[in-house]
Amino acid sequence: MKRTIKTLVAASLVGGAAATAGAYFGLVNVGADDPHLPAVYAFLSMARDRSIEVRSRDIQVPDLDDQELIRAGAGNYNSMCIGCHLAPGVADTELSQALYPAPPNLAEIGVDGNPAAAFWTIKHGIKASGMPAWGKSMADPYIWGMVAFLQQLPELDAQQYRALVASSGGHQHGGGETDMHNHENQHGTPGDGHHAGEMADMSHHDEAGDDHHAGEATAASLHDGAAGQHAAELASADDHHAGEMPGASHHAPSRRRPSPRPRPTSTPMARSMSMPTKSNLYRAGIQATALAALLFGAAAQAAEPLSIEVHRDANCGCCKAWIAHLQDNGFTVIDHVESDMVAVKQRLGVAPRLAACHTAVIDGKFVEGHVPAEQIIELSQRSDLVGIAVPGMPMGSPGMEVGDRQQAYQVIGLTPAGTDQVVADYPAN
């Protein structure tokens, strides 16, 4: 028996050494145009499927019939997935034909009866397969949007697919989006015309991207103008127009002329008002006492730390960095580690369009994502909002610092009527 065990161990060592030597000397062809042996392919497929099944079995699936969720998923799928996984009316692309292992045609199989496994795969990707880990740039609610859309995809024809994509917000998942080449209809012209058409499509996409950002800038400018309207009305009309440059923000300090000083007067009334009478001194004393009381109360209120509850995933590093930002700004943080953030967001009324990684609560109002501490303090003093959010994970926001780089982002408030309101703009640097 011992001799048999020794023989098996020795054979295993020799076999392992032989395999290592073969790999080292380049005997294994890693080219994607040289398929695995059937036994190797079967083993790798089994390992992949079991890995996904084990890791997705406890994922809680939300309501995937939400039409807003489906529309959001349609726009992102059309921008991010169609080149590999195709769509109704879209023929095989260069990517889908050249990748190995070949990506599945999701227009035919959808989520294949397992939305939890589809969510895990989209979020974490698959090693050495060409499938990205989209969870690095997309929060969970946007990934669930893609799963909800995939569940509907096999039932759509080409016209229905295009209509659903047209009704969506396009490539939008809260921040971090980059221009992506859309492979739809890329095989419409053979030969050189095909590649020339691709170049035209790419140019058109870049122009569309520029227009998109220009539109964002216009919207931000309109918001700035509305917020600054009251201040502008206080200034004289001539000053207001003389001080404005084209495209300048109304939030910038306005240049106002000093108010003209009152001319000296020699009337008895003026002389009596300037003299320190007993009644004037008495009224001044009362006013000073009241002012001191107000200042003392404000100081006492400011000294009392604000308490905020934060709900986050256990593995979220940027969530911990945001908590540190709050603590640095005087907040007392009650930290809750959650296993199902989607359910938390649904319970607190966070719409998918506002979603980010973590969700906090202060005075019964939600705070979604990497909101600066100053905006949370302002929220605690407002009664016209049920919550505020920084959708996605914009670089440079609190907890998402990358050196001195900062993307432009907005803090969005949600009113009791369910409408969005831009609370603050933070420009790029």
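Is C319 buried or exposed? In this predicted model, C319 counts as buried, at 1% relative accessibility. C319 has a partner, C316: the two form a disulfide, with their sulfur atoms 2.1 Å apart. C316 is buried too, with a relative accessible area of 11%. If you look along the link of C316 and C319, you will find 80° about the S-S bond, and the link is right-handed. The count comes to one disulfide.

What about other cysteines? C81 is in no disulfide, and the nearest cysteine sulfur, that of C84, is 8.3 Å away. C81 counts as buried at 9% relative accessibility. C357 is in no disulfide either: the sulfur of C318 is its nearest cysteine sulfur, 3.5 Å away. Because a disulfide needs sulfur atoms within 2.5 Å, that distance does not qualify.

Now for the charged side chains. Side chains of opposite charge can pair when their charged atoms come close. A search of the whole structure finds nine salt bridges, including these:

| Salt bridge | Closest N to O distance |
|---|---|
| R48 and D49 | 3.0 Å |
| E68 and R353 | 3.4 Å |
| D335 and R312 | 2.9 Å |

D335 lies in strand β2 and R312 in strand β1, so their salt bridge ties together parts that are 23 residues apart in sequence. Here D335 is partly exposed at 37% relative accessibility, whereas R312 is buried at 8%.

E68 and R353 link distant parts of the chain, 285 residues apart: E68 is in helix α3, and R353 is in the loop between α16 and β3. Salt bridges that share partners also join E68, R353 and D420 into one network.

Conventions:
Residues are numbered from 1 along each chain as its sequence is written. This is a predicted model: local features need pLDDT of at least 70, side-chain atom pairs count only at pLDDT 80 or more; totals for chains, interfaces and linings use all residues. Side-chain values use heavy atoms; hydrogens and water are left out. Buried means under 20% relative accessible area, exposed over 50%, partly exposed in between (1.4 Å probe, protein chains only). A salt bridge is a side-chain nitrogen of Lys or Arg within 4 Å of a carboxyl oxygen of Asp or Glu. Helices (H or I, at least four residues) and strands (E, at least two) are DSSP runs, numbered from the N terminus.
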